[in-house]
Structure formats: C-alpha cells, structure tokens
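Reader: I have a structure open and would like to understand the labels people put on it. Could you take me through the reasoning behind them?

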Amino acid sequence: MFAILDNVFNRLEEVSNSPWFYAIIFVVAMLDSVIPVVPSESVVILGGIAAAQGDLNVGFVIAAGALGALIGDNLAYGIGHRFSGPIQRWYNSKPKRAKKLSWASRQLETRGGSLLLTARFIPGGRTAITLTSGVTRQHRLRFVFFVAIACAIWASYGAGLGYFFGNRFKDNHTTAFLIAFATSIAFTFLIEIIRHARQKPTVEPEPATAVGTG
C-alpha cells in the first residue's frame, strides 16, 4: 500500500508547481468524499509543500481543498438522500444491517455535529457518515454548517503540514501520510473527550436537613 501511495505522491508532485494544481486539489477533495480511492490529504499536503517553495499560494490551496471537500460531502449527502429508499431496504433486508443503520441514525441524532467534525479526518469514514446523513435525512442546514467547519479545519491542517514541514516530507511521502493520519486520529479523540466532558452530569449538593429543636 505504501509503495502505491509513494507512486501517487511522485506523480502528483510532478505537477504540483503548476497553477492547475489548485484544480487538482479541488477535484480530488471532492471525489474523495464520494469515492475514497486516493487520500485527498496527500494532495493538500503537496499543495502546502508547493506553497512553501513559492510555486502556489497557501491560502488558495486551503480554499481549493475546503471547497472541494464541502461540495463532495454535500454530493454524498445528496446521493444518500436521493436513494434513501433502496439503501434502507437493503439495510433492512437483514437484521444485522438494520441494526447498523439504526445505530448510525441514533449517533447522528445525538452527536451529529461532533461526528461530522471527526469523520472528516478519517479517510473512508467521512463518506460513510455523510452518506448515512442523507439516508437518514438529517437536518440539511445543520449538516452543511458542521461539514463547512470540518472542511475548513481539515484543509488548513493538511496544507499547514506541507507548508511548515515540507522539507521533511519531500523525500519521504509515507511519513507525510502517516503524520496526517495520526493527526486525524488525535483530533478525533480530542473532539470525543471534549464532547464527553460537556455531557458529564453535574452532581448537585443534597439539601441540608433541618434539625428540630424538639
């Protein structure tokens, strides 16, 4: 897998100094939300490296990645929404699959915002959650709000990795991917810790018992 990843990096790196690379970042980020084949993190990191070398503008790299990811997430939602009937029938055809869909629906209802934020940082996970959001018909405006935040943070951290640490990644593409993936996992855990802390019930002091004078 790492050999394939390294080959993809090398091919993309050959064109990363061209202004057309903004379009590549946009398209790959968009498609990765629907068909997670090539990790779009890799392309955004390469854009950050090219920006550090003066070939691209890091702001435009972030904008291209964030906008592409946002449109892609909404496409995944739309596909789930449009074909919710057939998809739900497929899930409900077997008890185990029905339980999975029911669990996903409950998770989106109870922790939809944080789930959308963390899923964006997990390759493959973002597609599953955005598609399920459409299938279960989650509130569209809330969905757009949270994925917009997630996409902006995701593109910023990916471009930032390439921009500030590009020299370390230039000849070691596998390390770039592993660091991006580790950062994604760390961000996921951070969001979950914050969510659990906010949901922790507060223990109210018991009312004092009046002592009778007899």
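**Helix crossing and salt bridges**

Author: Happily! Let's start with a crossing: α4 and α7 cross in a right-handed way. Please keep in mind that this is a predicted model.

Reader: What makes α4 oblique to α7?

Author: The axes of α4 (residues 58-82) and α7 (residues 125-135) cross at roughly 40 degrees. Angles under 35 degrees count as roughly parallel, and 65 to 115 as roughly perpendicular. Roughly 40 degrees fits neither range, so α4 is called oblique to α7. As for the distance, the two axes come within 6 Å.

Reader: Which residues make that contact?

Author: From α4 come Asp-73, Ala-76, Tyr-77, Ile-79, Gly-80 and His-81. From α7 come Thr-130, Leu-131, Ser-133, Gly-134 and Val-135. By class, that contact has five nonpolar, five polar and one charged residues.

Reader: How many salt bridges does a search of the whole structure find?

Author: Three. In general, side chains of opposite charge can pair when their charged atoms come close.

Reader: Why is the pair of Arg-126 and Asp-32 called a salt bridge?

Author: The closest N and O atoms of Arg-126 and Asp-32 are 2.5 Å apart. The cut-off is a side-chain nitrogen of Lys or Arg within 4 Å of a carboxyl oxygen of Asp or Glu, so this pair qualifies as a salt bridge. The pair links distant parts of the chain, with Arg-126 in helix α7 and Asp-32 in helix α2 (residues 21-34), 94 residues apart.

Reader: What makes Asp-32 and Arg-126 part of a network?

Author: Arg-126 also forms a salt bridge with Glu-41, where the closest N and O atoms are 2.4 Å apart. This second pair reaches from helix α7 to Glu-41 in helix α3 (residues 40-52), 85 residues apart. Asp-32, Glu-41 and Arg-126 are thus linked in a network of salt bridges.

Reader: How do you know whether the members of that network are buried or exposed?

Author: Buried means under 20% relative accessible area. Arg-126 has 2%, so Arg-126 is buried. Asp-32 has 4% and is buried, and Glu-41, at 5%, counts as buried too.

Reader: What else lies around Asp-32, for instance how far is its C-alpha atom from that of Gly-68?

Author: The C-alpha atoms of Asp-32 and Gly-68 are separated by 9.2 Å, and these residues are 36 apart along the chain.

Reader: Why do Asp-73 and Arg-120 count as a salt bridge?

Author: Their side chains meet at 2.8 Å, N to O. Set against the limit of 4 Å, that value makes the pair a salt bridge. Asp-73 lies in helix α4 and Arg-120 in the loop between α6 (95-119) and α7, so the pair ties together parts that are 47 residues apart in sequence. With 2% relative accessibility, Asp-73 counts as buried, and Arg-120 is buried with 1%.

Reader: What makes α7 mostly covered?

Author: Eight of the 11 residues of α7 are buried. They are Arg-126, Thr-127, Ile-129, Thr-130, Thr-132, Ser-133, Gly-134 and Val-135.

Reader: And which residue with a positive phi follows α7?

Author: That is Arg-137, with phi near 55 degrees.

Key: Residues are numbered from 1 along each chain as its sequence is written. This is a predicted model: local features need pLDDT of at least 70, side-chain atom pairs count only at pLDDT 80 or more; totals for chains, interfaces and linings use all residues. Side-chain values use heavy atoms; hydrogens and water are left out. Axes are lines fitted to C-alpha atoms, for helices over the stretch in contact, and angles run from 0 to 180 degrees between N-to-C directions. Helices (H or I, at least four residues) and strands (E, at least two) are DSSP runs, numbered from the N terminus. Angles under 35 degrees count as roughly parallel, over 145 as roughly antiparallel, 65 to 115 as roughly perpendicular and the rest as oblique. A crossing is left-handed if the near helix is turned anticlockwise from the far one by less than a right angle, and right-handed if clockwise. Contact means heavy atoms within 4.5 Å. Ala, Val, Leu, Ile, Met, Phe, Trp, Tyr, Cys and Pro count as nonpolar, Asp, Glu, Lys and Arg as charged, and the others, Gly among them, as polar. Buried means under 20% relative accessible area, exposed over 50%, partly exposed in between (1.4 Å probe, protein chains only).
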